[in-house]
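The exercises below ask you to read a protein model step by step, with a worked solution after each task. Please look at the sequence and the structure before you turn to the solutions.

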Amino acid sequence: MAISKPELACVYSALILADDDIDVTGEKIQTILKAANVEVEPYWPGLFAKALETANVKDLITNIGAAVGAAPAAGAAAAAPADEAKVEKKEEKKKEEESEEEDDDMGFGLFE
């Protein structure tokens, strides 16, 4: 399902207001949209304000993963060993780079 431009504009406006700790109202959303030179149907700002009047937008954003079920959590646990392997590879690569740098510091170069 694709999100429409008016919806996206209202979402961004609501996020801006929430980030600045300003109450999300239809009038304030409309003010931001006018400042951004974005035209939407007159009902969009009020619709978003009504939907968000009882919600704490910052909590919605920070707790987005809390509503996810156990299956994705199990997938994340399975991905952890792969992440550890990546970290180990990075550490090995870093050690290799350091050893190459040590070769350069031997006081002579190949083309000197």
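**Exercise 1. The whole chain**

Task: Describe the accessible surface of the protein, its helices and strands, and its share of buried residues.

Solution: Begin with the surface, which comes to about 9100 Å² in this protein, 57% of it belonging to carbon and sulfur atoms. Bear in mind while reading that this is a predicted model. Next, go through the secondary structure: the protein has five helices and zero strands, and its pattern along the sequence is α-α-α-α-α. Turn then to burial, where you will find that buried residues account for 16% of the 112 residues. Finally, consider the contacts between residues at least 6 apart in sequence, of which 46% join residues at least 24 apart.

**Exercise 2. Helices H1 and H2**

Task: At what angle do H1 and H2 pack, and which residues meet?

Solution: Two packed helices are described by the angle between their axes and the distance between those axes. For H1 and H2, the angle is about 110° and the axes are 9 Å apart. Since angles of 65 to 115 degrees count as roughly perpendicular, H1 and H2 are therefore roughly perpendicular to each other. On the H1 side the meeting residues are Ala-9, Cys-10, Ser-13, Ile-16 and Leu-17, and on the H2 side they are Lys-28, Ile-29, Ile-32 and Leu-33. Sorted by class, this contact of H1 with H2 holds seven nonpolar residues, one polar and one charged.

**Exercise 3. A serine in H1**

Task: Is Ser-13 buried or exposed, and with which residues is Ser-13 in contact beyond its neighbours within four places in sequence?

Solution: First place the residue, which is found in helix H1. Because its relative accessibility is 2%, Ser-13 counts as buried, the cut-off for that class being under 20%. Once the neighbours within four places in sequence are left aside, Ser-13 is in contact with Ile-29, Ile-32 and Leu-33.

**Exercise 4. Helix H3 against H2 and H1**

Task: Work out how H3 is oriented to H2 and to H1, and list the residues that make each contact.

Solution: Take H2 (residues 26-35) and H3 (residues 43-52) to begin with, which pack at an angle of about 130° with their axes 8 Å apart. H2 and H3 are therefore oblique to each other, and their crossing is right-handed. This contact is made by Gly-26, Ile-29, Gln-30 and Leu-33 of H2 together with Pro-45, Gly-46, Phe-48 and Ala-49 of H3. The residues of the contact of H2 with H3 comprise five nonpolar, three polar and no charged.

Now take H1 (residues 5-19) and H3, whose axes come within 10 Å and cross at roughly 50°. That angle makes H1 oblique to H3, and the crossing of H1 and H3 is again described as right-handed. Here Pro-6, Glu-7, Cys-10, Val-11 and Ala-14 of H1 meet Trp-44, Pro-45, Phe-48 and Leu-52 of H3. By class, the contact of H1 with H3 has eight nonpolar residues, no polar ones and one charged.

**Exercise 5. A proline in H3**

Task: Where does Pro-45 lie, is Pro-45 buried or exposed, and which residues does Pro-45 contact beyond its neighbours within four places in sequence?

Solution: Pro-45 has its place in helix H3, and because its relative accessibility is 2%, Pro-45 counts as buried. Leaving aside neighbours within four places in sequence, its contacts are Cys-10, Gly-26, Ile-29, Gln-30, Leu-33 and Val-40. To relate sequence to space, note that Pro-45 and Ala-9 are 36 residues apart in sequence, whereas their C-alpha atoms are 9.3 Å apart.

**Exercise 6. Positive phi in the loops**

Task: What are the phi values of Asp-21 and Asn-37, and are these residues buried or exposed?

Solution: As background, most residues other than glycine have a negative phi. Asp-21, however, has a positive phi near 55°, and this residue lies in the loop between H1 and H2. With a relative accessibility of 63%, Asp-21 counts as exposed. Asn-37 likewise has a positive phi, near 60°, and is found in the loop between H2 and H3. With a relative accessibility of 67%, Asn-37 also counts as exposed.

Methods. Residues are numbered from 1 along each chain as its sequence is written. This is a predicted model: local features need pLDDT of at least 70, side-chain atom pairs count only at pLDDT 80 or more; totals for chains, interfaces and linings use all residues. Side-chain values use heavy atoms; hydrogens and water are left out. Axes are lines fitted to C-alpha atoms, for helices over the stretch in contact, and angles run from 0 to 180 degrees between N-to-C directions. Helices (H or I, at least four residues) and strands (E, at least two) are DSSP runs, numbered from the N terminus. Angles under 35 degrees count as roughly parallel, over 145 as roughly antiparallel, 65 to 115 as roughly perpendicular and the rest as oblique. A crossing is left-handed if the near helix is turned anticlockwise from the far one by less than a right angle, and right-handed if clockwise. Contact means heavy atoms within 4.5 Å. Ala, Val, Leu, Ile, Met, Phe, Trp, Tyr, Cys and Pro count as nonpolar, Asp, Glu, Lys and Arg as charged, and the others, Gly among them, as polar. Buried means under 20% relative accessible area, exposed over 50%, partly exposed in between (1.4 Å probe, protein chains only). Accessible areas come from the Shrake-Rupley method with a 1.4 Å probe; for residues, only the protein chains shown count as cover.
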